[in-house]
Amino acid sequence: MFKRTLIALAALSSFSAVAEQLVLNADAALDINTGTLIKPATLVIEDNKIVSLSKSNRKAYAPDAKVMELKGYTLLPGLFDMHVHLTSDAQVHGYKRLQRTTQRSAITGVRNAKRTLEAGFTSVRNLGAPGYADIALKDAIRDGDVPGPRIFAAGPSLGVTGGHCDNNLLTHEHAVTSQGVADGPWAVRAKVRENIKYGADVIKFCATGGVLSKGTKVGAQQYSQEEMTAIVDEAHLRGLTVAAHAHGTDGIKSAIKAGVNSVEHVSFVDDEAIQLALEKGTYFSMDIYNTEYILSEGKKAGILEESLNKERKVGSRQRASFAKAVKAGVNMVFASDAGVYPHGDNGHQFSRMVKFGMTELQALQAATINAATLLKQQNSLGSLDAGKFADVIAVKGNPLENISTMEQVDLVIKDGKVEVNLMK
């Protein structure tokens, strides 16, 4: 028996010794925690984990390792987009959406997931999808059926009757209500439990009106304080984080008081809301790029004139709020609301984040270690530290000097597997 055990251990040791290594030799790699550039850099990947990151050193890896020479490139952690709608089509808004079934939306999600991964976003938080289509997509990507980012899915967004997360496009004769609609503290608790039952990783609810919903006032609070508190309490009991859609000032503050982990959009923020966020460690998740698409292309995509008028009032105010929150030191994550505008263009937001107050490093941290921390994944994702999952991207040049380099990602590695290589 002892002899057989020794043989088995020897076999395991031998298997470990010959595990295939992938080595990236690049001009530089960014230590996202400190902002330091390691130059030149050698990153060693074994199976799906990062083994080491150091200044170029051929002794850091096995002689038979597969080596990629990335001259002129900088390595960074795989990116997070913390507010996407993968099953939504940027060309299908307003009444056009009534022609889309949940099944068709799920197929659209397959296309959009691939585009998102190709843009360097190896993880996303999908905040709202009909029929649990985002959870089905998450499972298909996890099982290797289709390519795409690692998805943290919300399922149907919770909202009040007639609110931003309801379907308000049809008359009462059609009796159409969105799947996530729930009114009252116990009803919203039941809806949270239902979403968790069917595989949600995060809970999203609509605290205020919105831009793209018919008949809602963008700044008006919808859920009461009691209802918001019930949602957050129920989700936190089960270990899930909570995101609150909130444009209006009162809704933002009520959501923070309820204990949400992040507030989405945050358009009409005031000093009190910023102070509350600082005290509670709440993250702001602000989509400051898509206003350009809405106002230039939205009418052709079917966005209602009512919504275009709301965006004309909200867009500039949201960007001012973004600058104010950054200056105050609020926790921030990268969030594009892709689906409102085309998936795959996510990286264009980086330049706007810098334009409206962030340093290049802050913008990159928002899309990496900050996002991982919000999702409680900082021990396995978000940086190039040894032992973390091998989510790695490469961009030409130095993004700390030119953030627009993030708009073209030439190498994407997710979970140790090369998903995109445009350097062949």
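Biologist: What makes the contact between Glu 264 and Arg 125 a salt bridge?

Modeller: The term needs a side-chain nitrogen of Lys or Arg within 4 Å of a carboxyl oxygen of Asp or Glu. In Glu 264 and Arg 125 the closest N and O atoms are 2.9 Å apart, so the pair meets the rule. The two residues come from distant parts of the chain, Glu 264 in strand β11 and Arg 125 in strand β7 (residues 121-126), 139 residues apart. This is a predicted model, in which local features need pLDDT of at least 70 and side-chain atom pairs count only at pLDDT 80 or more, while totals for chains, interfaces and linings use all residues. Residues are numbered from 1 along each chain as its sequence is written, and side-chain values use heavy atoms, with hydrogens and water left out.

Biologist: How do you know which stretches to call strands and helices?

Modeller: They are DSSP runs, H or I of at least four residues for a helix and E of at least two for a strand, numbered from the N terminus.

Biologist: Now to another charged pair. Why do Arg 150 and Asp 391 count as a salt bridge?

Modeller: Their side chains meet at 2.6 Å, N to O, and that satisfies the cut-off given above. Arg 150 lies in strand β8 and Asp 391 in the loop between α12 (369-374) and β14 (392-396), so parts 241 residues apart in sequence are tied together.

Biologist: Are Arg 150 and Asp 391 buried or exposed?

Modeller: Buried means under 20% relative accessible area, exposed over 50%, and partly exposed in between, with a 1.4 Å probe and protein chains only. Arg 150 has 19% and Asp 391 has 4%, so both are called buried. Compare Arg 312 and Glu 305, whose side chains form a salt bridge at 3.3 Å, N to O. Their areas are 45% for Arg 312 and 40% for Glu 305, so each is partly exposed.

Biologist: What makes Cys 165 and Cys 206 a disulfide?

Modeller: A disulfide is a pair of cysteine sulfur atoms within 2.5 Å. From S to S, Cys 165 and Cys 206 are 1.8 Å apart, so the name fits. The link spans 41 residues, from Cys 165 in the loop between β8 (150-153) and α4 (185-197) to Cys 206 in strand β9. Relative accessible area is 13% for Cys 165 and 0% for Cys 206, so both are buried.

Biologist: How do you know that β9 and β10 pair?

Modeller: Strands pair if DSSP finds at least two bridges between them. Five bridges join β9 (residues 202-206) to β10, and the two run parallel; Ile 203 stands opposite Val 242 in β10. Between β10 and β11 (residues 262-265) there are four bridges, also parallel, so this pair qualifies as well. One of the partners there is familiar: Glu 264 in β11 bridges to His 245.

Biologist: Why is the crossover from β10 to β11 called right-handed?

Modeller: With the strands pointing away from the viewer, the path from the first strand over the helix to the second runs clockwise. That is the hand assigned to β10, helix α6 (residues 249-258) and β11, a β-α-β unit.

Biologist: What makes β10 a mostly covered strand?

Modeller: Six of its six residues, 241-246, are buried. In a regular strand the side chains alternate between the two faces of the sheet. Here Thr 241, Ala 243 and His 245 are buried on one side, and Val 242, Ala 244 and Ala 246 on the other.
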